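Subject: Structure for your review

Dear colleague,

Please find below the structure that I agreed to pass on to you. My notes on it follow directly after.

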Amino acid sequence: MSNTPPTKAPTRRSLILAGGGMKVAFQAGVLQVWLDEAGITFDHADGASGGVFNLAMYAQGMSGTRIADNWRALRPLAMVRPNWRGMLRGPQLKSLFRLDHLPSEIFPDWGLDWGAINRSEVDATFNVYDFTDHELVVLPPTDLTPELLVACVSLPVWFPPVVTAGRHWIDAVFATDANIETAIVDHGADEVWVIWTVDRSGTWRDGLIAQYFQIIEAAANAELGAITLRITRNNELVAQGMGGEFGRHITLRMLEGSVPLHYLVNVSGDRNRRAVELGVRKAREWCHREGIVLKDPLATPYRDDTTVRFSETMRGTITFAGTPHDGAPVGPSHPSHPLQFHLDITVDGVDRFLAEPAHLARARGAVDCDALGGRRPVTAGWFNLFVHDDDPAVKEMRYHLWFTDSTEHPLTLVGVKTVRNDPGFDVWHDTTTLACTILVGHIEPDGTGESLARGTLRITPGAFARQLTTFRAGGPNPARRIGGLGRFVRALLGDLWDVYARRWLSWGPI
């Protein structure tokens with residue numbers, strides 16, 4: 001009898017491209033990183049609802065970057081068209097919009113080749129719901145047609161069902177938004193990698209549109225929770241040598257994204273590109289946490305020939321922590337010190353700025369505070385416009401300024417305007433009030449340091465009116481300059497819409 005231990009079977013890895021409507025643009029950015037920068041390979045891939053678009057491109061053999069570029073180039077308004085004829089039927093309304101133009105217009109723009117997809121050797125599964133027989137149908141690439149791909153995203157009320165051979169086909173989202181079970185049971189996955197963009201915040205919003213999508217969230221998240229619990233229980237039994245439901249340990253790897261897009265309502269290509277780049281950024285961060293080595297990041301494919309410049313002046317007071325900077329003793333009643341800054345903010349490349357989730361611009365100017373040595377030039381500065389971390393409905397404007405005191409000791413001013421929809425009309429307060437901290441040393445934007453002073457700065461109505469007159473655009477020709485400034489302003493207003501108007505109008509998660 002041989003003493004050679006049995007060879008361990010190789011790990012089978014499954015990619016789950018979950019649904020999320022327009023939010024799956026984020027998913028495309030993740031694929032750029034996972035497939036191209038990390039070089040991760042998968043033995044099986046499954047798609048549901050909006051995720052089937054990315055799955056079709058993947059099954060055809062497109063790179064992650066090509067998939068991401070398709071979403072970067074997408075004009076969101078081209079995705080759907082009003083169903084005027086259906087709306088005219090009154091109480092017999094068939095749908096609000098239609099998708100019958102996708103096979104002739106959008107799919108060719110994406111470079112979908114149905115012969116290549118049908119011949120694909122990729123083990124892929126597309127989920128669609130057969131309403132006629134009330135059955136979740138899992139299609140291999142060989143059975144996929146342009147019409148069935150449309151059916152995979154035909155969400156009732158919004159889009160009509162696809163009718164073929166007397167059967168009505170619709171989006172599978174109410175049956176599954178991520179068919180993890182078929183990956184484990186039918187395709188032997190030991191590792192399941194899920195890209196999830198359905199909102200899990202649990203924030204309830206009134207209104208018919210909001211509640212429609214919250215029904216979807218309830219169905220999708222409940223199913224995800226159930227399969228996650230089954231995997232956890234399975235793994236506990238496997239660890240005890242009791243086999244478990246699936247007979248082996250299952251590793252579930254989740255990358256979640258809070259994507260600042262509505263599931264369906266999006267009219268801005270810039271916002272779409274921003275979702276792609278958010279996926280790229282979050283995937284790189286996720287890989288770093290997971291210890292996955294990446295190749296050199298791929299260059300962001302945006303034109304940088306337009307600029308926007310504007311000035312901003314804010315005034316307020318700071319209070320030193322313990323002792324003032326000049327060394328004089330300070331008691332609890334030590335008065336606050338006036339501080340103001342005047343900045344010239346420059347957006348180098350509007351295309352890049354609007355697509356980049358961090359919305360990063362340069363800031364130069366001066367910080368003026370007698371307690372810090374008078375008017376001191378900003379030697380380096382960064383400004384971020386309306387960025388978010390985990391909640392797209394809470395955004396921040398961030399300021400990070402390096403300067404020195406009169407004795408050339410390095411200091412950093414860090415400021416944040418927090419923009420959220422609190423009770424009452426608070427948009428003016430949120431966008432004009434800066435909580436700031438003075439740190440000892442020149443601290444990098446992601447770093448921390450010793451706090452020297454804290455305070456609050458504000459923009460007065462007069463200063464705000466003057467600020468509006470300082471906006472200037474640069475570019476190779478008048479059309480590019482006007483277009484760049486217009487897109488910048490629309491993006492600013494769109495972010496304010498996300499925080500305030502959508503909640504007032506009950507449009508649901510962004």
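Among contacts in the protein chain between residues at least 6 apart in sequence, what percentage join residues at least 24 apart? The share is 67%. Please bear in mind that this is a predicted model.

Regarding the chain as a whole, there are 14 helices and 20 strands. Along the principal axes, the C-alpha atoms occupy a box of roughly 80 × 75 × 45 Å. The protein chain comprises 510 residues, and 51% of them count as buried. Its accessible surface amounts to about 23,100 Å², with carbon and sulfur atoms contributing 56% of that area. As to charge, the chain carries 50 positive and 58 negative charges, and the mean positions of these two sets lie 6 Å apart.

I also examined one residue individually, Arg 487. This residue belongs to helix H14, which spans residues 478–504. Arg 487 is classed as buried because its relative accessible area is 16%, and the cut-off for that class is under 20%. The side chain of Arg 487 forms a polar contact of 2.5 Å with the side chain of Asp 270. Once the neighbours within four places in sequence are set aside, the residues in contact with Arg 487 are Asp 270, Arg 273, Val 350, Asp 351 and Leu 354. Asp 270 therefore appears both in this list of contacts and as the polar partner of the buried Arg 487.

With kind regards

Notes: Residues numbered from 1 in each chain as written. Predicted model: local features only at pLDDT ≥ 70, side-chain atom pairs only at ≥ 80, totals over all residues. Heavy atoms only, no water. Helix = DSSP H or I, 4+ residues; strand = E, 2+ residues; numbered from the N terminus. Buried < 20%, exposed > 50% of the residue type's maximum accessible area, 1.4 Å probe, protein only. Polar contact = N/O pair within 3.5 Å; in protein donor to acceptor, adjacent residues only side chain to side chain. Contact = heavy atoms within 4.5 Å. Areas by Shrake-Rupley, 256 points an atom, 1.4 Å probe, with all protein chains shown as cover. Lys, Arg positive; Asp, Glu negative; His and termini not counted. Charge placed at Lys NZ, Arg CZ, Asp CG, Glu CD.
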